[in-house]
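Thanks for making the time, everyone. I would like to walk you slowly through a structure that will be new to most of you, so please have it open while I talk.

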Number of protein chains: 2
Amino acid sequence: MASLQTENTDINTARQKYIELLKQNGMTPKTETIPTAEASGRVTAAPIYARINAPHYSASAMDGIALDAKLTYGTTETTPLFLDIGDYKRVDTGDPLPDGCDTIIMAEDIIEMADGRIKLTNSAAPWQHIRQIGEDICAHEMILPSYTRITPYAIGAMIAGGVADIAVIKKPIVGFIPKGNELIPPTADPGKGDVLEFNSAIFSAMLREWGADAVTYPIVGDDAAGIRQVLETALSECDIVLMSAGISSNNEDYTAAAISTIGTVLYDGLAIKPGKPAILAYSDSKPILGIPRYPVSGIIVIEQILKPIIEFLSHSAPEAYRYADAVLSKSVVSAIGYREFIRVRMGYVKDKLIATPLGRGSGIVTSFMKADGIIEVPQDADGYENGDVVSVRLLTHVDELKHSLVAIGSHDPMLDELSDLLRKEHGSISLASAHVGSMGGLIAIRRGEAHLAGIHLLDEDTGEYNVSFIKKHIPKGGVRLIECVKRTQGLMLRKGNPMNIKGFPDLTRNKLRYVNRQKGSGTRILFDYLCGNTGIEPSLIYGFNREEYTHMSVAALIAADSADAGLGIYSAAKLYDLDFVPVCDEQYDLLIPDHAWDMPIMQNLLEILQSNAFRQRLGELGGYTVGKPGEVRFRT
Amino acid sequence: MASLQTENTDINTARQKYIELLKQNGMTPKTETIPTAEASGRVTAAPIYARINAPHYSASAMDGIALDAKLTYGTTETTPLFLDIGDYKRVDTGDPLPDGCDTIIMAEDIIEMADGRIKLTNSAAPWQHIRQIGEDICAHEMILPSYTRITPYAIGAMIAGGVADIAVIKKPIVGFIPKGNELIPPTADPGKGDVLEFNSAIFSAMLREWGADAVTYPIVGDDAAGIRQVLETALSECDIVLMSAGISSNNEDYTAAAISTIGTVLYDGLAIKPGKPAILAYSDSKPILGIPRYPVSGIIVIEQILKPIIEFLSHSAPEAYRYADAVLSKSVVSAIGYREFIRVRMGYVKDKLIATPLGRGSGIVTSFMKADGIIEVPQDADGYENGDVVSVRLLTHVDELKHSLVAIGSHDPMLDELSDLLRKEHGSISLASAHVGSMGGLIAIRRGEAHLAGIHLLDEDTGEYNVSFIKKHIPKGGVRLIECVKRTQGLMLRKGNPMNIKGFPDLTRNKLRYVNRQKGSGTRILFDYLCGNTGIEPSLIYGFNREEYTHMSVAALIAADSADAGLGIYSAAKLYDLDFVPVCDEQYDLLIPDHAWDMPIMQNLLEILQSNAFRQRLGELGGYTVGKPGEVRFRT
C-alpha cells in the first residue's frame with residue numbers, strides 16, 4: 001500500500017491518488033429509502049418505475065354528458081337526436097367515465113329542452129373528451145433513470161405513479177472534530193490566547209451546501225488519549241472524519257500521530273498556500289482529513305480535497321466552475337513550489353473586469369467573505385504583475401459583478417453606511433471598497449480600475465484638498481471631483497487620556513506608543529505635514545513604522561491598549577469610546593471618472609449622498625459636516 | 001378598494017395589481033433573530049457590525065521568540081547579540097504576544113548556543129511577524145450590509161467578530177389546504193374516482209426551493225363550514241394561504257365563496273393556460289390564492305403569482321431567468337385570449353437548439369418533469385409554426401442540454417433501459433426520447449431535429465424493414481441505419497383471454513374493444529398491413545379510432561379492462577401480465593444522421609448497445625432477440 005509522504009505534495013497528484021486509493025479500499029456511495037414527498041433535490045439510486053397508471057381510471061375531460069357514442073350515429077342538424085334522462089349521465093371534469101359510456105359531449109354542445117330531454121345536432125366520436133387511463137404515466141413505465149436529481153415535478157409524477165418511497169443516494173455524513181487547547185466555543189468575551197472555534201460553523205455550512213450531512217463533535221484538547229477516543233467514535237458514526245490539524249510546525253501537534261494510531265496517513269503536508277499543513281489519511285474506505293486550523297487554509301483544503309469526495313459519494317456531477325479573464329490591479333508575489341489560492345474582489349470598470357487581491361493571510365476569513373473570485377498561481381510561477389490578464393474562478397455571478405461599484409481609495413466607516421443605504425434602496429447593488437489610501441485611489445482611477453475613490457489629500461502649499469493632486473497625477477483629465485463630507489481629524493487617545501497627551505509634541509515622549517497609517521494614505525500625508533509644522537522628527541516617535549490601513553484598525557489597537565495614540569477621524573474614536581484631540585477639519589471627496597458618471601448605480605449613489613438618510617447616519621457616526629454632497633467641486 | 005374581477009384577466013396586470021394592493025395593505029418582509037451558525041443562505045435584515053476584534057489579541061505569526069525590539073538595536077553579523085533566558089520568550093504561531101515584547105524573531109533566524117543563550121546577528125523591527133489586533137476584523141466595523149445573502153465564510157467572519165445571533169429576514173410561511181371530496185392521501189391502490197393528493201408534495205418542494213416554509217393542512221372536503229374553519233386556522237398560522245380551487249366551471253366549487261366569507265377575492269380566473277381557474281384573494285395584508293387542482297395549472301399559478309410574492313417577502317432578488325432561441329420541431333396552436341405556457345424538451349442537434357412541445361394537458365405532470373424549457377405564447381397570438389425560432393425560458397442549463405441525446409421516433413420500453421444504462425455508465429448524459437412513431441422519427445432525422453430515431457417500418461412489398469423508407473424519405477442521404485433488436489409483435493389480450501381471441505379476424509367481433517396505435521407509427525403500419533393481409537375492413541373494428549402513442553399505453557388500457565385487445569410488443573404485454581398472441585418478429589433499428597455519429601455520447605450509446613448489461617436488461621423485459629447490435633445495416 002501507499003507509504004507516508006512527508007514532503008509537501010502537489011495537490012492534483014495528492015487528490016487523485018488519495019481518491020483512487022479510497023475507491024480501491026471500497027469507498028462507494030450508499031443508498032437509503034425515503035418517502036418520495038421528501039426527496040426533492042436528492043438523487044435516485046436506481047431507476048424508478050411507476051406502480052399504477054395516472055390517471056388510474058378513465059375520466060371526463062370536460063363538463064357535459066357521458067353516453068354510448070353509438071346512440072348518436074347519424075345525428076345531424078337536420079336529423080337531431082333527443083336523449084331521454086336514462087340515455088346519458090351528467091359529468092363534470094375529472095369525474096370517472098360512467099359504465100356503459102364511451103364518449104363525452106361538452107355542455108356547450110347540448111341543448112336542454114323544456115321537457116328535460118337533451119337535444120343533440122351532431123354525432124359524437126367514441127373516446128372524445130376522455131382522459132384515458134395512463135394518459136400521464138403508465139404503470140411499469142420508467143419515471144426516472146438512475147442517478148437523476150429529483151425535481152418537485154418528479155415528486156408529483158412519482159406519487160401519481162403510486163411510488164410512495166424511493167431509493168436515493170444517502171447524504172455522506174461528515175464529522176468534524178475541533179482540536180486544540182486554545183479553542184473555546186464562540187463568545188463575545190474571549191480571554192487573551194483564547195481562539196473562538198468558528199471553523200465548524202463555516203465547514204458545516206459549506207458541507208450542507210454540497211449535499212452532505214455535517215456533525216460537529218465537542219472541542220477536544222491536545223491530549224493523545226482523548227483525541228484517539230473521539231476519532232474512534234467519529235469513525236464509527238460518520239463516512240468522513242475531519243480533525244483540526246496544526247497551524248505551525250513547532251506546535252505540539254497530535255493530529256498526524258493520533259490519526260496514525262487508528263488509520264494510515266497518506267500525505268502530511270500539501271504544496272499549497274494557504275493550506276500547507278493538511279493531512280490526508282484514511283481508515284479502510286473512510287477518509288480522515290487533518291484540516292489546518294486557520295480558517296482560510298481550512299476552507300481551501302476542504303474545497304480542494306473534500307468536495308470531490310462528497311460529489312463522488314453523493315453522485316453529484318462535479319460543480320461546473322465558471323472562469324473569467326480579469327485584469328489584476330495589484331501585483332501578486334507567490335512562492336515557487338506552492339500552488340497559491342489568491343482571493344480577489346472583482347468589478348467591471350469600463351467593460352474591463354478588474355480583480356483586486358484581498359488580504360492573503362490564512363487567518364483572514366473576511367478575504368473569503370469579500371471574494372468574488374479565486375486566482376490560482378501555479379506551483380512553478382512566482383506570481384503575476386499588476387496589469388496582467390489572469391483567469392479567475394468566479395464565486396460571484398458575472399451579472400452581479402456588473403451591478404457592483406468598485407471603490408478604491410481612502411477608508412471611512414461612512415462608506416459602509418453608504419453601501420448599506422445603497423442595498424436598502426436599490427436591492428442587489430453593492431459597493432465593494434478596498435482601502436488603499438487616497439493616493440492608491442487616485443492611481444486606481446487613473447488606471448481605469450475603479451468607479452470611484454474616496455480621497456482627502458492636503459496640498460501643503462495651498463492648504464487646499466485634492467484638486468492639485470488630480471491635476472498632477474491625472475493630467476489627461478476625464479474625471480469629476482464630487483463633494484462628499486468634511487470630517488474632523490485628530491489624535492485618538494486611550495479612554496481618559498492616561499498619558500495626558502495634549503498634541504503632536506507629546507508623541508516623541510518616552511514609553512508612548514504611537515500607531516501610524518500606511519504611506520500614501522491621506523491621513524499619513526496629514527501626519528507628515530503636522531510633524532513638519534510642529535518641528536517633530538517622526539523617527540523619534542515609537543511606533544512610527546507600525547502601519548495600519550484604516551482608522552478603525554488604529555482605533556482598535558488604542559482601545560485594546562496595544563497603543564496610546566494615533567491620528568484618525570472623530571467617528572472612529574467615537575465608535576471605540578476613545579479620547580480625541582481635534583487637529584483639523586478636512587475635505588473628503590469622491591473622485592469619479594467620466595466613464596462611470598452615467599452608470600445608473602452611480603446616479604443612485606449620488607442620490608443617496610444627498611439623502612436625509614445619509615445625513616442621519618453621519619449624525620450618528622459623529623464628526624462630519626455636510627455641505628453640498630454630490631456637487632461637482634472640480635472637473636477636468 | 002379594488003372590486004371583484006370575474007373575467008379572465010391578463011396575468012401581468014393581475015400580478016402587478018395584486019401585489020401592489022397587498023403592499024398597500026401592509027404586506028412586508030418580517031425579521032427574526034437566529035444563531036449566526038445557522039444562518040447560511042439567509043438574508044441579513046440589518047447591517048451586521050462586529051462586536052470584538054479578530055484577532056482580539058496580538059499574536060505571534062511565526063514559531064520563534066518574542067522580545068523587546070530595543071534590545072536588538074545595532075545588532076549585526078559582526079556585532080552579534082547574545083540573549084539570556086530572561087530576555088526572550090519562546091512562542092509558537094498563534095500564541096499571544098507576551099507582555100513587554102513588541103517583536104517576533106523567526107525560529108529560522110536564531111542560533112541556539114550550547115550554554116542555553118540565543119545568538120542573533122540582525123536587529124529586529126518592532127511589530128514584525130505579529131498578527132495585529134483587528135487584522136481580520138475591527139470591532140464596530142460593518143461586516144455585512146443589509147439584505148445580503150449569508151455565505152459560510154460570512155458566518156465565520158461574524159462569529160470571529162463576536163456576533164453570535166443575527167437578525168435575518170424570516171422565511172414566509174405558506175400554508176396549503178388541499179380541498180376536494182375526490183382527494184385521498186397518496187396510496188398505490190386508489191379506487192375509481194379517487195384522486196391522489198400529490199399537489200402538496202410538489203408545491204412544498206417548490207416553495208422550499210424558493211426559501212419559504214411550507215405547511216400542508218389535512219385534506220378538506222367540499223363543505224363550506226369545514227373549509228371556512230381551516231381557512232381561518234391557516235390564516236392565523238401562515239403568511240400566505242393556498243387552497244385548491246376547481247378544475248371545471250360547472251363543478252360545485254366552494255373555494256371562491258369560502259374565501260369571500262373571510263377575505264376579498266380580487267381576481268377569479270386568469271387569462272392563462274393552463275391555470276385559468278386561479279383565484280387571487282387576500283385578507284388584510286395576507287395573500288389567499290385559489291390554486292387550480294390539476295397539477296400543471298397549479299404549478300404555473302404558483303410560479304407566476306406566488307413566487308414573486310415570496311421573493312418580495314424573503315428579500316431575494318427575483319430569479320434571473322435564462323432564455324435561449326430554439327427551433328420548434330412541432331407546430332403549436334394556442335387559443336387567442338390566453339397566454340399559454342408550453343413545456344418543451346430541448347436538445348442541441350448539429351449546433352441548433354431544438355424545442356419539442358410536450359403533452360399540453362393540465363393534468364400531465366410529467367410534462368413539467370421532462371421539460372427543459374417553457375415557451376410562452378402571448379395572449380394575442382394563435383401559436384407558432386413548426387420551424388419557427390422561438391424564445392424559450394430555460395429550466396435546464398444549456399451545458400446540460402449539450403450532453404443530451406435527442407431521440408425522436410418509435411417507442412420501446414427498452415429505450416428507457418438504454419437511457420438508464422447511459423446515466424449509470426456516463427454520469428450526467430441523458431437520452432430524451434419523444435414517442436412520435438417511426439415515421440415521425442424518420443422525418444425528425446431528415447429535418448435535422450434529432451440525434452437518433454428508433455424505427456421499425458415494414459415494406460409491404462419486400463417484407464424488409466426500414467431501408468426502403470429511408471431511401472424514399474431521406475433521398476439526400478447522410479444517415480446510418482444501426483441494428484438494434486428484433487422484437488416480437490402480437491395481439492396483447494386481457495389476462496386469461498376471456499374473449500377467446502385467436503387472431504386478427506376476431507377483432508371485428510361485436511362487443512370487442514380494440515385500442516389502436518397512432519397513424520405513422522410502425523405498429524400502426526403493421527396493423528394496416530395485417531388487416532389487409534387477413535381481409536379485414538378496419539373501420540368495422542370498434543376502437544379503430546382510439547389511438548394511443550405507446551405500447552405501454554395500449555397495454556395499460558387492456559390491463560385496466562378499458563379495452564380487450566391491441567397490437568403491441570411482447571415486452572409490454574409481459575410487463576402488464578397480459579395474454580399475448582404472437583404475430584411476427586420485426587426489426588427495430590436506430591437511424592442516426594452522420595453529423596451525430598462522431599459525438600462522444602453517441603459512441604457511448606453504441607458501446608452500451610453492445611454491452612452485456614444491455615442484453616441482460618432485454619432478457620428481463622422479454623421478447624427481444626439480439627443479433628449484432630450497433631452494426632451499420634445500411635448507409636446512404
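Let me begin inside chain A, where helices α9(A) and α16(A) are roughly perpendicular to each other. Please keep in mind throughout that what we are looking at is a predicted model. The first of these helices, α9, covers residues 413-426 of chain A, while α16 covers residues 600-609 of chain A, and their axes come within 10 Å and cross at roughly 110°. The crossing in which α9(A) passes α16(A) is right-handed. On the α9(A) side the contact is made by Leu418(A), Leu421(A), Leu422(A), Glu425(A) and His426(A), and these meet Asn604(A), Leu605(A), Glu607(A), Ile608(A) and Leu609(A) of α16(A). If we sort the residues in this contact between α9(A) and α16(A) by class, we find 6 nonpolar, 2 polar and 2 charged.

Now let us turn to the place where the two chains meet. How much area do chain A and chain B bury between them? The figure is about 8,200 Å², with 62% of it on carbon and sulfur atoms. In terms of residues, 90 of chain A are in contact with 90 of chain B.

There is a helix pair across the chains as well: α2 of chain A, residues 152-160, and α3 of chain B, residues 199-209, have axes that come within 8 Å and cross at roughly 165°. Because angles over 145 degrees count as roughly antiparallel, that is how α2(A) stands to α3(B). Here, too, the crossing is described as right-handed. From α2(A) the contact draws on Pro152(A), Tyr153(A), Ile155(A), Gly156(A) and Ile159(A), and from α3(B) on Ala201(B), Ile202(B), Ala205(B), Met206(B) and Glu209(B). By class, this contact of α2(A) with α3(B) has 8 nonpolar residues, 1 polar and 1 charged.

Charged pairs also occur between the chains, and the rule finds 2 salt bridges across the interface of chain A and chain B. One that you can locate on your screens joins Lys192(B) to Asp99(A), with the closest N and O atoms 3.3 Å apart.

Finally, a few details of the backbone. In chain B, the peptide bond between Ala54(B) and Pro55(B) is cis, with omega about -5°, and Pro55(B) sits in the loop between β2 (48-49) and β3 (59-60) of that chain. Another cis peptide bond leads from Lys273(B) to Pro274(B), where omega is near -15°, and Pro274(B) lies in the loop between β19 (272-273) and β20 (279-283) of chain B.

Definitions and conventions: Residues numbered from 1 in each chain as written. Chains lettered and ligands numbered in written order. Predicted model: local features only at pLDDT ≥ 70, side-chain atom pairs only at ≥ 80, totals over all residues. Heavy atoms only, no water. Axes fitted to C-alpha atoms, helices over the stretch in contact; angles between N-to-C directions. Helix = DSSP H or I, 4+ residues; strand = E, 2+ residues; numbered from the N terminus. Parallel < 35°, antiparallel > 145°, perpendicular 65-115°, else oblique. Left-handed = near helix turned anticlockwise from the far one by under 90°. Contact = heavy atoms within 4.5 Å. Nonpolar A, V, L, I, M, F, W, Y, C, P; charged D, E, K, R; others polar. Buried area = accessible area lost by both parts, 1.4 Å probe. Salt bridge = Lys/Arg side-chain N within 4 Å of Asp/Glu carboxyl O.
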